[in-house]
Amino acid sequence: MNAAVLHTINQPPHFEQFPEPIAAEIEAIVHVHAASLKPVDKQLARGSHYASHRELPCVCGSDGVGHLDDGQRVFFGGPRLPHGAMAERTVVPRALIFPVPANVSDATAAALPNPGVSAWLSLAYRAKLVPGENVLILGATGITGKLAVRIAKLLGAARVVAAGRNQQALSTLRDLGADATISLALPETELSEAFLREAGQSGFQVVIDYVWGSPAEAFLAAITRREFAVIQSETRFVQVGESAASTLTLPAAVLRSTALTILGTAGIPPGNVLFEAFQQVMAHAAKGELHIDTERVPLADIESAWQRDRPGRRLVIITRPD
């Protein structure tokens with residue numbers, strides 16, 4: 001079968017033949033229609049991700065959409081190595097197969113779940129957002145950040161503030177539900193002042209952070225109290241990505257003077273939680289309430305597509321013609 005095969009770490013995969021997968025008892029063969037090309041796929045192939053490929057050759061791609069032997073169209077994740085999603089067929093655990101609504105296209109079904117479910121879980125499962133709370137999205141101009149802005153509103157957030165570097169993308173976020181925007185390109189002192197201003201008297205109960213580094217430091221500086229005071233509300237800070245930097249400086253005063261809880265995404269959640277999040281994201285997509293910009297690329301063009309960058313748009317590798 002045809003596949004995107006990785007032979008060397010930190011090199012693009014090649015379009016070539018790869019052995020057919022064989023399913024074990026708790027697995028299923030998926031006839032793949034499409035697979036999105038995501039940052040995590042490139043990190044895995046570069047060797048920079050904690051779950052990077054250790055045995056080569058292997059097929060790239062961590063999730064996608066296709067059909068089972070009985071014809072059911074599904075989204076799938078977690079292909080068993082050395083198989084991957086960017087192939088005509090793959091093998092996956094049955095527990096990581098989810099039905100796809102009929103009116104959601106293959107491209108959307110392949111591209112939306114990874115960032116959409118991630119944003120949904122960060123807000124609903126990790127931050128435990130309650131309707132009426134205020135939310136700050138750090139890194140709101142990326143694909144997942146945009147979805148987080150929209151999902152925060154769908155989950156009932158009273159006020160959503162979107163912060164990012166891409167000024168053009170920032171200008172579109174009010175259409176997704178952002179009540180205010182902050183440019184992360186501001187000098188650190190001005191950025192802290194902007195966070196403090198937008199927090200107002202009620203503050204941010206939830207912060208979803210896709211950037212880390214200096215923008216996160218500026219926010220933490222803004223909420224650090226300089227006097228003894230009664231704390232009005234807790235801030236749940238969920239760390240998701242590190243597009244600005246992988247480390248930051250955290251003064252002890254931040255934790256001692258504020259009601260701050262810092263959380264990570266904590267890997268893959270229990271199956272029932274993951275399934276519920278997927279269903280919610282797909283249901284909102286089917287109603288036109290969640291959208292992702294995509295660009296379709298044939299599997300045969302994987303090597304050139306691997307080296308392309310489309311900010312704000314997700315490349316979708318099409319493994320079979322329409």
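**Note on salt bridges, core and helix packing in a predicted model**

1. The side chains of E133 and R236 come together in a salt bridge, with 2.8 Å from N to O, and this is a reading of a predicted model. The pair joins distant parts of the chain, since E133 sits in the loop between helix 3 and strand 9 while R236 belongs to strand 13 (residues 235–239), 103 residues apart. E133 counts as buried because its relative accessibility is 14%, where the cut-off for buried is under 20%. R236 is likewise buried, with a relative accessible area of 13%.

2. The surroundings of R236 deserve a closer look, as the contact with E133 is accompanied by others. A polar atom of the R236 side chain lies 2.9 Å from the backbone oxygen of A127, and the side chain of R236 also makes a polar contact of 2.8 Å with the side chain of E133. Leaving aside neighbours within four places in sequence, R236 is in contact with A127, K128, L129, V130 and E133, and also with Q205, V206, V207, T261 and L263.

3. A second pair to inspect is E295 and R308, whose side chains meet in a salt bridge at 2.3 Å, N to O. E295 lies in strand 15 (residues 294–298) and R308 in the loop between helix 10 (302–306) and strand 16, so the salt bridge ties together parts that are 13 residues apart in sequence. The two partners can be told apart by accessibility: E295 is buried, with a relative accessible area of 18%, whereas R308, at 24% relative accessibility, counts as partly exposed.

4. The third pair is D63 and K38, which form a salt bridge with their closest N and O atoms 3.0 Å apart. Here too distant parts of the chain are linked, D63 being in strand 5 (residues 63–67) and K38 in the loop between strand 3 (27–37) and helix 1 (39–46), 25 residues apart. Both D63 and K38 are buried, and K38, D41 and D63 are linked in a network of salt bridges. A search of the whole structure finds 11 salt bridges.

5. Helix 1 connects with the preceding point through D41, which is one of its buried residues, together with L44 and A45. Seen down the axis of helix 1, these buried residues fall within an arc of 95°, so they line one face of the helix. They pack against strand 1 (2–6), strand 3 and helix 10, and just after helix 1 the residue G47 takes a positive phi of about 85°.

6. The largest nonpolar core has 49 residues, of which L112, L123, V135, I137, I151 and I208 touch the most other members. Elements that give two or more residues to this core include helix 2 (106–111), helix 3 (113–126), strand 9 (134–138), helix 4 (143–154), helix 9 (271–286) and strand 16 (314–318). For I151, not counting residues up to four places away in sequence, the residues touched are G116, A119, W120, L123 and L290. In soluble globular proteins, nonpolar side chains tend to be buried together.

7. Helix 9 has 16 residues and reaches 22 Å from its first C-alpha to its last, close to the 22 Å expected at 1.5 Å a residue. Its buried residues are L274, A277, F278, V281, M282, H284 and A285, and they are on the same side of helix 9 because they cover an arc of only 160° around the axis. What covers these buried residues of helix 9 includes strand 6 (73–77), strand 8 (97–99), helix 3 and helix 4. Helix 9 is followed by G288, whose phi is positive, near 80°.

8. F75, found in strand 6, gives a view of the packing against helix 9 from the other partner. At 7% relative accessibility, F75 counts as buried. Not counting residues up to four places away in sequence, F75 touches a list of residues that includes F278, D63, G64, V65, L96, I97 and F98; among these, F278 is one of the buried residues of helix 9, and D63 is the salt-bridge partner of K38. By contrast, F75 and R226 are 50 Å apart in space, C-alpha to C-alpha, and 151 residues apart in sequence.

Methods:
Residues numbered from 1 in each chain as written. Predicted model: local features only at pLDDT ≥ 70, side-chain atom pairs only at ≥ 80, totals over all residues. Heavy atoms only, no water. Core = buried A, V, L, I, M, F, W, Y, C linked by side-chain atoms within 4.5 Å. Buried < 20%, exposed > 50% of the residue type's maximum accessible area, 1.4 Å probe, protein only. Helix = DSSP H or I, 4+ residues; strand = E, 2+ residues; numbered from the N terminus. Contact = heavy atoms within 4.5 Å. Expected span 1.5 Å × (residues − 1). Arc of directions from axis to C-beta. Salt bridge = Lys/Arg side-chain N within 4 Å of Asp/Glu carboxyl O. Polar contact = N/O pair within 3.5 Å; in protein donor to acceptor, adjacent residues only side chain to side chain.
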